[in-house]
Each structure stands twice: as structure tokens, then as C-alpha cells.
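Q: Please take a close look at one helix and the residue that comes after it. Then carry on to the charged contacts elsewhere, with the cut-offs you used.

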Amino acid sequence: IGTGDLSAAEEFVTAFADPNPNPWFDVIRARHLFAMGRCEEALAAARKLARSASVIVATDKSLAASAALTMFQVGMELDDKEMHAAAIEMSKACDDIEFASIVEALGALQESAENGSLDHLCAVLQHTLRLNGDRGHSRYEGISLLNLSNAQKPRGESRACVAAGTEALKVLMSVGNPGDIAAAHVNVAKGLAHIGRWEEARLHIELAIDGPQEGLSPEVFGEAAEQESLYGDPGRALVILNRVFSEEKRRIGDPLCRLVAARLALQHGRPTQAFALLQQITGATWLPGFRSARLALDLQIKATVDPSRPDLPLAFDVALIAARNQQAWFWWKFVRMTQALTASSDELAEHLESMEPEDEAYLSTQAELVLRRLGDLHDASVDRVRREASLRPERWRWALRRFLLESGHRSLDIKRASELLEIVGNREDIALLISLRKKRAPRLPDAGRALCRRL
């Protein structure tokens, strides 16, 4: 169990059948069923453990630790509060420092999805990792690394996210199930995407979602789609998400998938649907910084619909304080970008020109809002946008095409957007640019020529 070879564990127990009820078999079976995505059967096996809790605790502390951990995971993932409470109660009777550390880490992980400290979560996970290594529990070590990688991205530590995710992959390739391995690939992709290594990130995404499907959580597809929506192609993101998400039917991973669906609705020009999807989110999630992510998207939707809303300044302050208190610096910077994009020209210029180079990625995450303010940018800021668009051309092609097909934009915004599309566009964009020559304002008699020469 500790090394993660649940199939071998189940074969072993089956080969040496015990005529008496054997809770170890229920532990193995519950975990194996859950890893295969057979959630209802896994829940039934975990409930069988819960019914035997008092006997297990009195018989074997090691068994009690494994049973409690199994119940904790299944109860949390399937949002079974009774199961979750029973696991916590059983864990109190276990005298094992590794298990106690795992339970503390899982509790910190659960809290981090709301307001819990990400720094505290990382510290607990580092301690748990050392204990996993000392015990030789490779699978537990791989999962701890996976959770550490998950925590580093909302902290704004993209390179640490890649490092922990890569280590998790090394461990889980030998002891993990396909779901664990896919999750590690997506975590590596999350870090790589933000630091500008998009082709490598997409390779990890493809390995995650196009490999063995047994035990893959819908959240793997949700996170893959989110990376495409933020840094790549929102159209492709929708295709990925639609493999697992239904607006009408809820399943495991729905909170994250619904959040990503809301983001994609906004990018596809449907802010009303985006806001409705965001309001529909219910249930628990293990994703660190999830509440900050929801607040950030809520503000982005509102800023898109009406950047002059009188309640926005206070809402920005509330979200920034929440993200700062949690150390969710990724989402703090995301909200700061939204706030700057609704501010005066001078405040926007000051924000963009004071950004660290690695923070230019936040321009891509909100490309649609950036395009509306192109006419307000100083030359230095325009250069930054141009550099970022050149680094992530797919993301900007999507936003630029939609922007130039819409009506009602300012002349200088249109002119600068067309100049950007000349840089990042492909053959499909030539006709769109040429059509701009017919506009009376702005006058763009040479639109499309630079793209033709480049191609």
C-alpha cells in the first residue's frame, strides 16, 4: 500500500484468502476502486471500514492509520461529510508520526482551498515528504510532491511548481496510477506555461489527457483546459473541458471544471453565462487557492461588463487582502492586473512599466481586457504587450480576432490591435486584416501587408 502497487496488494490478499472479515482487504479495495474511478464502489468499501472503526482501532494501530487515511481521501473527494468526520475521529487513536503528518497535510490542503495559508501548507508537506522518504513509502512521497507542486503555483512560484511536479513524475511513474501520473503532468504544465515554455507545457498536457484514462479525475481535464484558456487557445480549451464537463450534471471535480467553464464563457463573449456558472459553484475541492481564483474571475467578469462599476474599488481591495493573507501571490498579481486595466491611463502605465519581466505573463491571462486599453498605453507598455503576444501567439490570435470582429471599439485600440495581429497572425488572419482597409476610422490602407510579407 505504501509503495502504491494496489493491484499487487489486492492479488496478494486474494491469493491468501482469510475466512474471517479482513479490513486490510477493504482498505486495499477502496483505494484501488477509487484509483480506477469507480467512486460509488469505493465509497461502499470505505463505509464498511467506518462501520468497523472501533474494532480496527482496538486491534491494530497501523491498520487504523491506513483505514482512516482511506476514509479521509474518499470522504473528501466525494464530499461525504460523515465519512470525513469518521476518518478524523479514527485518526486521533493512531500513534504514528508519518500518518499524523499526512493527516495534517491533508487538513492544510483542504483549508488552503478557502483561506488557509499556502506557506503553512508547503511547510507541512515538506515535513511529510521527509517522513515518507525515511519510511520508504514511495507512493506517499509521490503524492506529497504532487500536492507540493499544486501549492506552489498559486503562491506564484512557477519554477518551484515545475521542480516539485517533475520530482513527483519521477516517483509516480513507477508507483503511481494513471490518474496520479496525469495530475503530475498537468502540474508541470502549469508552471511551464507561466514561465513561457508553452510548447513543453502543451506536451505535458497531451500526455496527461491522451494517455491511459483509467482513474483520471475530471479535474485533470479542467486544469488542462484552464492552462489552454490562460496561455494557449481558448477554443482548444473548450474541446478539452467538454470531454468531462456538463453544465446540467455534476460529478467529481465539478467546482474546478465549472470555474474553467465560466472563464471560457467569458473568453467566448458570454459574460452573463460566465457569471451564472461562477455562482453555481458548490462543494469541496482540494485545489489550493481556489477561493482566490473565484474572486479573481468574478472581478474579471465584472470589469469586462462595466469597468466603471462603483463597487469595483472596494471589491478589488477585499480580493487583494484575501490573496495576500493566504500568500496566493499568483492571484494577487492577477487581481492587480485587472485593477490596473480598469484604472486611469497614468495608473495603468505605472503598473505595466513597473512589472518584473516574468510578470508580463499576466497580460496574456487577461488579453481581452488589455486590447480595450491599447490606445491608452505608452510606447514602453506597448512594447511589453508586443513582446508578450509574440511569446504566446495562439492566446493573442484568439483575443485579437474576436476584438477586431466586434464593433464599437476606439480607433487607436483597433489600429494597435491590427498591428499586433500583423505580428502574431497566420494565414487565416489575412482576410480579416484586409477587411479593415474598408473602415473609415481608423484608416488602415495597408492592413495585412506586413503579415503577408512575414508569411
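A: Right after helix α15 comes Gly269, and its phi is positive, near 80 degrees. Before going further, please note that this is a predicted model, in which local features need pLDDT of at least 70 and side-chain atom pairs count only at pLDDT 80 or more, while totals for chains, interfaces and linings use all residues. Residues are numbered from 1 along each chain as its sequence is written, and side-chain values use heavy atoms, with hydrogens and water left out.

Helix α15 covers residues 254-267; helices here are DSSP runs (H or I, at least four residues; for strands, E, at least two), numbered from the N terminus. Its 14 residues should span 20 Å at 1.5 Å a residue, and the end C-alpha atoms are indeed 20 Å apart. The expected span is 1.5 Å times one less than the number of residues. As for its surroundings, 14 of the 14 residues of α15 are buried, so the helix is largely enclosed by the rest of the structure. Buried means under 20% relative accessible area, exposed over 50%, and partly exposed in between (1.4 Å probe, protein chains only).

Helix α24 (residues 393-405) makes a nice companion: its 13 residues should span 18 Å, and its end C-alpha atoms are 18 Å apart, in agreement. The buried residues of α24 are Arg395, Trp396, Arg397, Trp398, Ala399, Leu400, Phe403 and Leu404. Arg401 of this helix is partly exposed at 24% relative accessible area.

That arginine brings us to the charged contacts. A salt bridge is counted when a side-chain nitrogen of Lys or Arg is within 4 Å of a carboxyl oxygen of Asp or Glu, and by this rule there are 31 of them. Arg401 pairs with Glu428 in one, their closest N and O atoms being 3.8 Å apart. Because Arg401 sits in helix α24 and Glu428 in the loop between α25 (411-424) and α26 (430-435), the pair ties together parts that are 27 residues apart in sequence. Glu428 itself is exposed, at 61% relative accessibility.

Another pair is Glu98 and Arg135, whose side chains meet in a salt bridge at 3.5 Å, N to O. Glu98 lies in helix α7 (residues 97-112) and Arg135 in helix α8 (residues 118-135), so this contact links parts 37 residues apart in sequence. Glu98 counts as buried at 3% relative accessibility, whereas Arg135 is partly exposed at 37%.

A contact within a single helix is also worth a look. Glu167 and Lys170 form a salt bridge, with the closest N and O atoms 3.2 Å apart. The two are 3 residues apart in helix α10 (residues 158-175), which means about one helical turn separates them. In general, an α-helix has 3.6 residues a turn, so residues three or four places apart point the same way. Glu167 is partly exposed at 37% relative accessibility, and Lys170 is exposed at 56%.

Salt bridges also join up beyond pairs: Arg202, Glu206, Glu228, Arg236 and Glu394 are linked in a network of them.

Finally, a word on Leu33, which lies in helix α2 (residues 23-35). With a relative accessible area of 2%, Leu33 is buried. Leu33 and Lys81 are 48 residues apart in sequence, and their C-alpha atoms are 20 Å apart in space.
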